[in-house]
Amino acid sequence: MKLNLTSNIYKLLPLAVTTLLFVPILALVISAFSIDDSGSFTHLIDTVLMDYSINTLLLIVAVICFSFIFAMPVAWFIACCDFPGRTILQWALMLPLALPPYIVAIVYTDLLDYSGPVQQLLRSMMGWQQMSDYYFPDIRTLFGAAVILSLALYPYLYLLLRGAFLGQSGGLFQAARSLGLSPVQAFFRVSLPLSRSALAVGISLIAMETLGDFATVNYFAVSTLTTAVYDTWLQLGSLTTAAKISSLMLLILVILISLENYSRRKQKIYQRSGATYTELRFKLTGWKKWSVMGYAWLLLFCAFILPLAILCYYAWHYFAESLTDELWRYTQNSFYLAMIVATIALIIALVVNFYQRLSPGFAAKSCIRLSSLGYAVPGTVVAIAVLIPFTKVDLWLNELLVNYGFSQIGLFFSGSLFILVVGYLVRFSAIAVGSIDSSLAQVSPSLDQASRSLGQSAAQTIRRINLPLIRKGMLTAFILVLIEAMKELPTALLLRPFNFETLATYVYQFVSDEMIEYAALPALLIVLMGLLPFIIVNRLLEKSS
Amino acid sequence: MKKLLLSTSLFTALTTSVIADEVNIYSFRQPFLIDPILAKFTEQTGIKVNLLFAKDGLVERIKREGVLSPADIVLTADFNRLMALNEAQLTQAVDSKVLNENIPSYYRDTNNQWFALSTRVRNIYSSSERVGPVPNITYQDLATPAFKGKVCMRSGKHPYNVSLIASMIAHDGEANTKTWLEGLKANLARKPQGNDRAQVKAVKDGVCDYALGNNYYLGKMLEDPKQVSWAEAVSINFPNQKTTGSHVNATGVVLVKYAPNKNNAIKLMEFLSTDAAQQMYAEGNYEYPVKEGVQPSKLVASWGTFTADKLPLSDLAKYHATAIKLLDEVKFDL
């Protein structure tokens with residue numbers, strides 16, 4: 001009997017959490033099929049849908065390319081080479097994650113547009129008088145948006161690739177070298193293919209985040225499919241058309257991810273014991289050392305140090321105006337919310353991933369895919385999608401209570417912090433699921449088999465073998481979700497209860513009026529609150545290894 | 001069960017308001033703009049004001065929340081949102097002598113479903129240095145060849161611009177407005193971007209000579225130590241003075257259909273129409289008060305008097321969807 005119960009729980013739990021995360025998306029897809037007499041979808045097809053689609057595609061491809069160019073070299077050099085400052089860069093290169101991309105966008109626009117200090121300096125140095133006297137690339141373009149998004153998102157790829165490179169057995173690389181391949185050849189023919197799983201997870205995270213972004217592209221005046229969703233929904237009031245476009249975006253994403261999965265269906269890579277790169281790091285010298293260091297520090301400077309310094313400058317000059325009584329309360333709100341979301345997201349990720357490990361198959365695969373879909377949906381759309389089922393539940397619940405002679409309890413789920421947490425989970429569980437997936441993928445099943453053959457139960461195996469082996473992956477998943485939740489804006493804006501501000505929503509009311517100076521201090525707090533746990537965890541990890 | 005009920009009620013108490021002396025606002029207007037007015041209301045009446053600000057999606061949220069929505073009133077930053085709420089049947093009529101006396105009939109619904117609280121003009125700013133004031137300028141001028149490469153504006157899809165375009169459709173018809181939009185797009189110095197302040201900045205920088213922008217931004221910029229130089233670089237013009245009058249948009253308020261604190265909500269709505277609150281709209285936000293007899297701020301008054309477009313506000317809503325479709329057809333923002 002007990003066995004039955006546990007086995008039922010183990011099957012029901014993953015289904016339950018997947019349902020929680022997928023129902024809102026499903027509600028959205030369903031409303032895409034309801035009757036729409038506004039004709040706005042055909043209108044879109046006739047006019048701008050093609051342009052929006054091309055822009056979206058170009059943007060995603062560009063962001064993936066730039067992120068790869070930024071992340072791949074540093075990931076490899078840090079995993080496999082030794083050079084001065086490596087230990088600092090190793091974790092510092094993750095820091096840009098803590099900066100909200102829309103803030104970086106504003107900071108760079110201020111810096112690089114016509115009246116910004118860079119062009120002013122150029123003008124005064126070269127004696128140019130006006131715009132037509134010289135050429136300077138416009139930052140408010142698709143290209144600019146792609147660069148800024150990549151600066152904000154490359155750490156995902158960096159983190160996953162570095163992990164993969166570190167986990168790879170160095171022997172393979174050595175074997176490739178001894179068979180006559182140059183280090184570069186060995187990298188492209190052995191190391192990179194071996195990291196394909198991490199590469200795929202990283203790229204799909206970046207693609208999803210790009211697809212779901214609205215604030216940054218909107219700021220850069222780039223019209224994407226997300227723009228179409230916003231226009232049709234919030235301006236023309238057609239939920240159906242907006243849902244159709246969102247569903248279309250999701251469909252494309254599902255197809256791409258499935259294709260990638262299909263293409264490596266027979267590929268299985270596990271970490272083996274023995275020498276890893278840690279012992280075999282190349283010691284870089286001469287120009288190689290300098291160029292690697294230059295590249296890594298330049299990347300860190302552009303993606304983190306410079307925007308942060310500018311924020312600090314603004315915060316310093318507007319300190320008195322920005323330091324309000326509420327600031328501390330908003331900081332706490334943001335932080336507690338992010339902690340709760342990160343904890344639950346981690347649990348969800350473990351549940352669906354272990355379900356997949358213990359009973360691989362279509363059901364488990366579906367759980368992983370479906371629970372991750374929300375990441376690609378823009379925050380505002382997620383917010384409404386979450387409202388659809390939960391307001392229904394609330395209305396139903398109240399009716400039930402009234403029927404049984406109780407008084408109404410109001411919007412129990414959809415009017416409280418509950419829905420905010422669910423909204424965040426729908427949006428960010430993908431990050432946790434992806435991180436756990438990729439770290440669990442490197443734990444060979446032969447370990448599980450050995451443990452089971454020695455008489456350990458599945459639960460004992462998870463507890464004593466798997467969990468300790470993916471501890472790093474778990475911490476990473478937790479921190480990544482925490483940082484994302486600290487930054488999240490649109491979901492919070494629309495789902496928060498009365499008088500509940502997060503730092504991000506507080507920042508927004510200034511940023512939306514281009515008053516970045518007033519937003520600088522709370523924006524710095526977002527960064528700081530995301531970074532503190534990150535640094536603490538990193539210290540713990542370094543100590544333990 | 002008892003424990004469950006207790007925790008339930010605690011949870012609800014935290015989130016929705018059932019206490020009598022409260023009023024809940026869903027606001028499209030930024031808190032820092034309206035907080036002083038609301039604080040004054042609380043000070044006078046002792047009624048606590050709960051505020052939820054978002055720029056998008058609030059209408060959809062109220063729709064979803066249905067009968068259980070905690071929202072009592074909605075404050076909007078443009079007129080079309082008022083109409084959207086009305087059309088979605090999310091509002092209810094307010095029969096208030098105070099409101100009817102304070103707000104001229106032009107600025108409220110015939111069925112008392114919505115009330116405008118302040119108005120703002122869509123001005124054309126011109127570079128003081130390169131152009132100087134242009135008192136006879138029209139919106140139509142901006143699409144003529146003489147303005148080629150000289151015009152800046154924010155996204156055509158922004159509610160302020162959509163309303164302007166809707167008013168053009170009402171006056172000139174759809175076909176002419178489309179031609180106008182094509183001409184305007186061809187005249188833009190750069191792709192539509194940024195907000196109204198950014199356009200004034202662009203004029204200062206010499207990117208363009210003319211910019212579309214609401215009047216109150218100029219006042220706000222003159223207050224800001226960093227932006228004052230932008231504001232000083234432009235002259236403010238009231239367009240279409242010899243023709244249809246300048247396009248005016250309105251901020252406003254509705255009482256939500258299922259408002260749980262209806263009495264308090266009406267008290268607040270009435271307060272917003274009184275001299276004291278209208279004065280604060282005028283002084284603090286540089287908007288034009290709707291109540292007759294309340295003067296605009298000194299600064300706003302110094303920009304001169306003007307003839308406003310007398311188009312019924314409901315026409316703006318009527319052509320809203322057409323305006324967006326035209327914007328798509330000419331690929332205005334692309």
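## Why these labels fit: a chat about chains A and B

Tutor: Let's start in chain B, where strand S5 is joined by four bridges to strand S8 (residues 234-237), with the two running antiparallel. Keep in mind that this is a predicted model.

Student: What makes S5(B) and S8(B) count as paired strands?

Tutor: Pairing needs at least two bridges, and these two strands have four. That clears the bar, so they pair. For an example, look at B:Ile124, which stands opposite B:Asn237 in S8(B).

Student: Which strand pairs with S5(B) over two bridges?

Tutor: That's strand S10 (residues 288-289) of chain B, again in the antiparallel sense. Two bridges still qualify, because the requirement is at least two. Here B:Thr119 has B:Tyr288 as its bridge partner. S5(B) also pairs with strand S7 (residues 210-214) over five bridges, and with strand S9 (residues 248-256) over six, both antiparallel. In S7(B), B:Ile124 is partnered by B:Leu212, while B:Phe115 has B:Val253 as its partner in S9(B).

Student: Why is S5(B) called mostly covered?

Tutor: Count the residues: the strand spans 115-127, and 13 of its 13 residues are buried. Each of them therefore has under 20% relative accessible area.

Student: Now for a single residue. Why is B:Gln92 called buried?

Tutor: Its relative accessibility is 15%. The cut-off for buried is under 20%, so B:Gln92 makes it. This residue sits in strand S4 (residues 91-92) of chain B. Leaving out residues up to four places away in sequence, it touches several others, including B:Asn112, B:Leu255, B:Tyr258 and B:Lys262.

Student: What makes the link between the side chains of B:Gln92 and B:Lys262 a polar contact?

Tutor: The distance is 3.3 Å, and the limit for N or O atoms that can donate and accept a hydrogen is within 3.5 Å. So the pair qualifies. A polar atom of the B:Gln92 side chain also lies 3.1 Å from the backbone oxygen of B:Lys257.

Student: How do you know that B:Lys318 and B:Asp315 form a salt bridge?

Tutor: Their closest N and O atoms are 3.7 Å apart. A salt bridge requires a Lys or Arg side-chain nitrogen within 4 Å of an Asp or Glu carboxyl oxygen, so this pair passes. The two residues are three apart in helix H14 (residues 313-318) of chain B, which puts about one helical turn between them.

Student: B:Lys318 and B:Asp315: which is buried and which is exposed?

Tutor: B:Lys318 is at 53%, and over 50% means exposed. B:Asp315 is at 16%, and under 20% means buried.

Student: What makes A:Asp448 and A:Arg357 a tie between separate parts of chain A?

Tutor: Their side chains meet in a salt bridge at 2.8 Å. A:Asp448 is in helix H21 (residues 445-453) and A:Arg357 in helix H17 (residues 326-358), so the bridge ties together parts 91 residues apart in sequence. Both residues are buried.

Student: Which residues link the two chains through a 2.8 Å salt bridge?

Tutor: Those are B:Lys331 and A:Asp51. The pair runs from the segment after helix H15 (320-329) of chain B to helix H3 of chain A.

Student: Why are B:Lys331 and A:Asp51 called partly exposed?

Tutor: B:Lys331 is at 29% relative accessibility and A:Asp51 at 22%. Partly exposed is what lies between under 20% and over 50%, so the label fits both.

Student: How many salt bridges are there between chain A and chain B?

Tutor: There are four. One more pair to look at is A:Asp113 with B:Lys201, whose closest N and O atoms are 3.2 Å apart. Polar contacts across the interface come to 15 residue pairs. On the side of chain A that touches chain B, H19(A) supplies the largest share, seven residues. That side divides into 32 nonpolar, 17 polar and 11 charged residues.

Student: How much area do chain A and chain B bury between them?

Tutor: About 5,200 Å², with 57% of it on carbon and sulfur atoms. In chain A, the residues losing the most area to chain B are A:Gln235, A:Leu411 and A:Phe498, together 14% of what that side buries. By contacts, 60 residues of chain A meet 59 of chain B.

Notes
Residues are numbered from 1 along each chain as its sequence is written. Chains are lettered from A and ligands numbered from 1 in the order in which they are written. This is a predicted model: local features need pLDDT of at least 70, side-chain atom pairs count only at pLDDT 80 or more; totals for chains, interfaces and linings use all residues. Side-chain values use heavy atoms; hydrogens and water are left out. Buried means under 20% relative accessible area, exposed over 50%, partly exposed in between (1.4 Å probe, protein chains only). Contact means heavy atoms within 4.5 Å. Buried area is the accessible area (1.4 Å probe) that two parts lose on being put together, summed over both. Ala, Val, Leu, Ile, Met, Phe, Trp, Tyr, Cys and Pro count as nonpolar, Asp, Glu, Lys and Arg as charged, and the others, Gly among them, as polar.
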